[in-house]
Amino acid sequence: MRRTQRILTTLTVLATAVALAPAVQAAQSFTVMTPATEVASRTDRRPVAGGLYDAKVNKTFISWSGKAADTYVQAYDHRGKTWSAPKFIAAGQSDPHNYPTMIQANDGHILLVRGMHNTATVISRAPQPHSLDGDWTTYEAPAGKAASYPMPFKMVDGTLFVFYRETTRDIDKVTPTDTRPMKYLVSKDNGLTWKDSVELTGKPFAIGSTSRPDNMNEIYIGQLRQDPVTGLVHIVYTLAGGGPTQHVHDYYHRNIYYAVFNPYNLHFYSANWRDLGYDIDDADQETHLKVAETPLERPTGTLKSPDYIQQVGGNIGRPFLLWFTFDNTTGTQLNHASVWNGWKWETQQVASGIRTREIERVNLATWRVYATRDGQPNIETYLLTFGKNWRPETVITTRKPVQRVEVIGNFRDPARILASGASSARDVAIADGDIYVAGR
């Protein structure tokens, strides 16, 4: 508990520094590189861990999903200003959920983590540290069964975490299909062996519920973000399920929630730092974590609202969330920003018609927002200050529409963001989207 108190003290100090944050400089243009052309398939990838910068070798490493959702990696040499050719790592089994996420272990080896949709957590490990070269080893983490949507992060001491959603029915064949909680894996030996949250805490899940009357017992984390100073992990999520009259997977979405995970003691906290212990159940999320209540509806008859992807950021003690719903008649995106003011959440609509894809800290008060418009090329950027003041910044030009954007871990320009181009078809047998990397 003393460690947590020290962390929270640090948070308070940093929060007070927000008022002293420097003004945002005038917008600068982005340069765009295209490491691979007409190779990207549709993917359900979250804005987490798409690539990273390795200062030891002065290279940026990226990962992406190609045809049949197969996993590829590439490296950018900052000295030579050149990209390596795409390197095939593992088969994706023709499922857009089976995308790679990338993390670097403390021994220097690059790891790719994939949740093989509802079946297994699979790790691919580079044979050499600080390099993508050679024959990779691919193996299953037995603790991570029935996994989808992996979200890895690393502690300063090298401990690796991977949050994932479990489809429990694929394990026990009994649980309703719309009960899908969150769990996590932990490795203390650079990803060679893993333990799950059940073994570590004795709790059946990390975030979840089993008996809501509306059957909204599926957890969809839109994004998690590790604070680089404290190591705490900020999480935004929504619920899914069949609704009160049926058990159907992902038929409705409902509400927005925020939580903090402390990897030092494995406890979860609310925005006002209420200690929720080792797990979040329905009573916890409804009483302490709910940011916004949304109706149980399917706009235009098919859309899921709120959307799967949200963003979480902000200053310590003053987190904010970006999320969007859809207009019930037109299907237009309605973009919301929610900010914690110290005692409650304040939500306002800040834009419409865009998909917010990712965010990046500019200074203690301001974050850059990366967004796209359906069916159109380019990435639009906006600046959000204090979680509420929204203004346009610039446009990053791309040849074709973009489906995913991820800020590269510890990025070094000109490789700041990884953007996967949208494929022309939902079927991953078609892979004609571009891979873009942009920076300044």
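The largest nonpolar core has 33 residues, and Phe163, Ile207, Ile221, Ile235, Tyr237, Phe261 and Phe268 touch the most other members. Keep in mind that this is a predicted model. Besides the core, there's an open four-stranded sheet to look at, plus a loop residue, Ser84.

**The core**
- Strands β11 (147-154), β12 (160-166), β14 (182-187), β16 (217-226), β17 (233-241) and β18 (252-262) each chip in at least two core residues.
- β17 gives the largest share, with five residues.
- Phe163 has quite a contact list once you skip its neighbours within four places in sequence: Tyr149, Pro150, Met151, Phe153, Met182, Lys183, Tyr184, Ile221, Leu224, Ile235, Phe261 and Phe268.
- As background, nonpolar side chains tend to be buried together in soluble globular proteins.

**The open sheet**
- Its four strands run in the order β7-β8-β9-β10, with antiparallel pairing.
- β7 (101-104) and β10 (137-145) sit at the edges, each pairing on one side only.
- On average, neighbouring strands here are turned by 30 degrees against each other, ignoring direction.
- β8 (residues 110-116) and β9 (residues 120-125) are joined by six bridges in the antiparallel sense, and Leu111 has Arg125 in β9 as its bridge partner.

**Around Ser84**
- Ser84 is in the loop between β5 (82-83) and β6 (87-90).
- Its relative accessible area is 29%, so Ser84 counts as partly exposed.
- Leaving out residues up to four places away in sequence, Ser84 touches Gln74 and Ala75.
- A polar atom of the Ser84 side chain lies 2.8 Å from the backbone nitrogen of Ala75.
- Ser84 and Ala36 are 48 residues apart along the chain, with their C-alpha atoms separated by 9.8 Å.

Conventions: Residues numbered from 1 in each chain as written. Predicted model: local features only at pLDDT ≥ 70, side-chain atom pairs only at ≥ 80, totals over all residues. Heavy atoms only, no water. Pairing = 2+ DSSP bridges. Axes fitted to C-alpha atoms, helices over the stretch in contact; angles between N-to-C directions. Core = buried A, V, L, I, M, F, W, Y, C linked by side-chain atoms within 4.5 Å. Buried < 20%, exposed > 50% of the residue type's maximum accessible area, 1.4 Å probe, protein only. Contact = heavy atoms within 4.5 Å. Polar contact = N/O pair within 3.5 Å; in protein donor to acceptor, adjacent residues only side chain to side chain.
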